[in-house]
Amino acid sequence: MKNNKYKYILKSKTQKFFEEGYQRKFLPINRSINSFPVINSNSKKIKIWCTNDYLNMSHNQEVIDESTKILKQVGTGSGGTRNISGNSPYHESLEKKIASFHNTEKSIIFSSAYTANQTSLWTLCKAFEKLCVFSDKLNHASLIQGIKNSGVECKIFDHNNLEHLESLLRKTNEEIPKLIVFESLYSMNGTIVEVNKYVELAKKYNAMTYLDEVHAVGLYGNKGSGLANYFGVSDQIDLINGTFAKGFGQIGGYVVGKTYLIDYLKTFAPGFIFTTSMMPSTAGAISKSISIVEQEDEKRKYIQEMSNYLKNLLRINKIPFIENNSHIIPIMIFDAMLVKKYSQILLNDFGLYIQPVFYPTVAKNRARLRLTITPKHNIDDIHELIYALKKIISPKDSLISTKKQFDYSI
Ligand code: PLP
């Protein structure tokens, strides 16, 4: 192929995507420990309503002190992969800590939960000659990527539809090994799934289970240990995945489970073996953060109360959002161009930052504003937000009123 042909193909693909309205713009954010949720962006003060630092742990002073202490002692980078001089006591104690947090036997840590999902699923699927995966339609990109890369058969069930899942399981040959892949809290619509019912089905059809708890960890279950714990089945899920980047406010991801499963991943997962381990100060900071998060029942309660308060005001003001029992509040706008416009008006005219969510993060024509509340947001912040939303999102808006019957399954 001629040199300019490469450029033409890549440029035209990008251009076409942009022309369809799906270009992403990343707002520069300068966060401050003292003023959050008010932050600086392009020399302007704005208030953030879309952080995944759910418990504000990235600003916790004890965690910062721990991180700084280790940083000063051992330096920044870890120096290698876990296999090649990059294994420190901080990594090892973090693995023990997160395994015991989930009340499981063992854990494996990664540089992100994305990597954890992608490489763990790929590695697990490859272990069996013929495996069939059952994957929820709304599963995260990292789960999909791990399954797809492995090339195994994959049957997709309608979002959180146990009947559909069971019908697919029933139709699959008994002898074929099976793996059900799902999330406990779907981040774009805030659905909490009944994890125990998936476990029942898995037992009935002799399937393994892989559960992504990325958005639940730190916020639900005993001491924030997740929804599998809340539904009383954390010891019955084969592998649980989580992140250190949201509820714990740091960076990195992990998978926990029985020793034989984790040993298998530690031995064969390329995304674990062939990459530099996280900074020791990060590993130390995460361990500290986990210990603190375990004690934060008051904050967990506050987040739920504030979310309910906000949802109620949305209802009163007839602003359409997806009803759920979680702290994630998606306001449906549907159209990508419109959601971008609303987000821009909120930013320019009201100093509020809610990132527009559109394809491919969600399906086409399912664009939304996704709100999250942290312990640092208060009642006045909520009233200010509602005032702004009321000004820009009218229930009479033609686009919204034509979508009376929301279909969130895609
Ligand atoms: N799983 C789900 C459901 C997610 O939403 C995300 C990211 O938002 C990830 C995994 C990846 O997490 P991380 O940011 O730690 O890579």
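Is Lys318 buried or exposed? In this predicted model, Lys318 is exposed, with a relative accessible area of 59%. The residue belongs to the loop between helix H12 (297-316) and S10, and its phi is positive, about 55°, although Lys318 is not a glycine. A positive phi of about 55° is also found at Lys223, again not a glycine. Lys223 sits in the loop between S7 and H8 and, at 41% relative accessibility, counts as partly exposed, because the partly exposed class lies between 20% and 50%.

Two cis peptide bonds were identified in the backbone. One runs from Phe36 to Pro37, with omega near 15°; Pro37 is placed in the loop between helix H1 (3-19) and S1. The other joins Tyr359 and Pro360, with omega about 5°. Pro360 is located in the loop between strand S12 (356-357) and strand S13 (367-372). Strand S1 (residues 38-41) includes Ser41, which is buried with a relative accessible area of 5%. Residues up to four places away in sequence aside, Ser41 touches Leu27, Pro28 and Ile46.

The ligand is surrounded by 14 residues, of which Tyr114, Asp212, His215, Thr243 and Lys246 are the closest. By residue class, this shell consists of three nonpolar, eight polar and three charged residues. Helix H4 (residues 113-126) supplies the largest share of the shell, three residues. Polar backbone atoms take part in the surroundings of the ligand: an oxygen atom of the ligand lies 3.0 Å from a polar backbone atom of Ala113, and a backbone N or O atom of Tyr114 is 3.0 Å from an oxygen atom of the ligand. A side chain is also involved, with an N or O atom in the side chain of Asp212 at 2.6 Å from a nitrogen atom of the ligand. The ligand taken alone exposes 390 Å², and 84% of that is buried by the protein.

His215, listed among the closest residues to the ligand, is found in the loop between S7 and H8. With a relative accessibility of 8%, His215 counts as buried, since buried means under 20% relative accessible area. The side chains of His215 and Tyr54 are joined by a polar contact of 2.6 Å. Beyond its neighbours within four places in sequence, His215 is in contact with Asn52, Tyr54, Leu185, Ser187, Tyr220, Lys246, His327, Ile328 and Arg370. One of these residues, Lys246, is also listed among the closest to the ligand.

Glu213 is placed in the loop between strand S7 (208-212) and H8. The residue is buried, with a relative accessible area of 1%. A polar atom of the Glu213 side chain lies 2.9 Å from the backbone nitrogen of Ala228. Residues up to four places away in sequence aside, the contacts of Glu213 are Ser184, Ser225, Gly226, Leu227, Ala228, Ile240 and Asn241. For Ser225, the C-alpha to C-alpha distance from Glu213 is 9.3 Å, across 12 residues in sequence.

Nonpolar side chains in soluble globular proteins tend to be buried together. The largest nonpolar core in the model holds 50 residues, and Ile180, Phe182, Val195, Phe244 and Phe248 touch the most other members. Two or more residues each are given to this core by helix H3 (89-101), strand S4 (132-136), helix H6 (162-171), strand S6 (178-183), helix H7 (195-204), helix H8 (227-230), strand S9 (253-257) and helix H11 (280-294). The most, six residues, come from H11. Outside its neighbours within four places in sequence, Phe248 is in contact with Met57, Ile98, Phe101, Val217, Thr243, Tyr254, Ser289, Ile290 and Val293. Another core, of 30 residues, lies apart from the largest one and includes Ala336, Ala367, Ile373 and Ile392.

Met332 is located in strand S10 (residues 328-334). At 0% relative accessibility, Met332 counts as buried. Between Met332 and Ile386 the C-alpha to C-alpha distance is 15 Å, with a separation of 54 residues in sequence.

Definitions and conventions:
Residues are numbered from 1 along each chain as its sequence is written. This is a predicted model: local features need pLDDT of at least 70, side-chain atom pairs count only at pLDDT 80 or more; totals for chains, interfaces and linings use all residues. Side-chain values use heavy atoms; hydrogens and water are left out. Helices (H or I, at least four residues) and strands (E, at least two) are DSSP runs, numbered from the N terminus. Buried means under 20% relative accessible area, exposed over 50%, partly exposed in between (1.4 Å probe, protein chains only). A nonpolar core is a set of buried Ala, Val, Leu, Ile, Met, Phe, Trp, Tyr and Cys residues joined through side-chain atoms within 4.5 Å. Contact means heavy atoms within 4.5 Å. A residue is near a molecule or strand if one of its heavy atoms lies within 4 Å of it. A polar contact is a pair of N or O atoms within 3.5 Å; within protein, one must be able to donate a hydrogen and the other to accept it, and residues adjacent in sequence count only if both atoms are side-chain atoms. Accessible areas come from the Shrake-Rupley method with a 1.4 Å probe; for residues, only the protein chains shown count as cover. Ala, Val, Leu, Ile, Met, Phe, Trp, Tyr, Cys and Pro count as nonpolar, Asp, Glu, Lys and Arg as charged, and the others, Gly among them, as polar.
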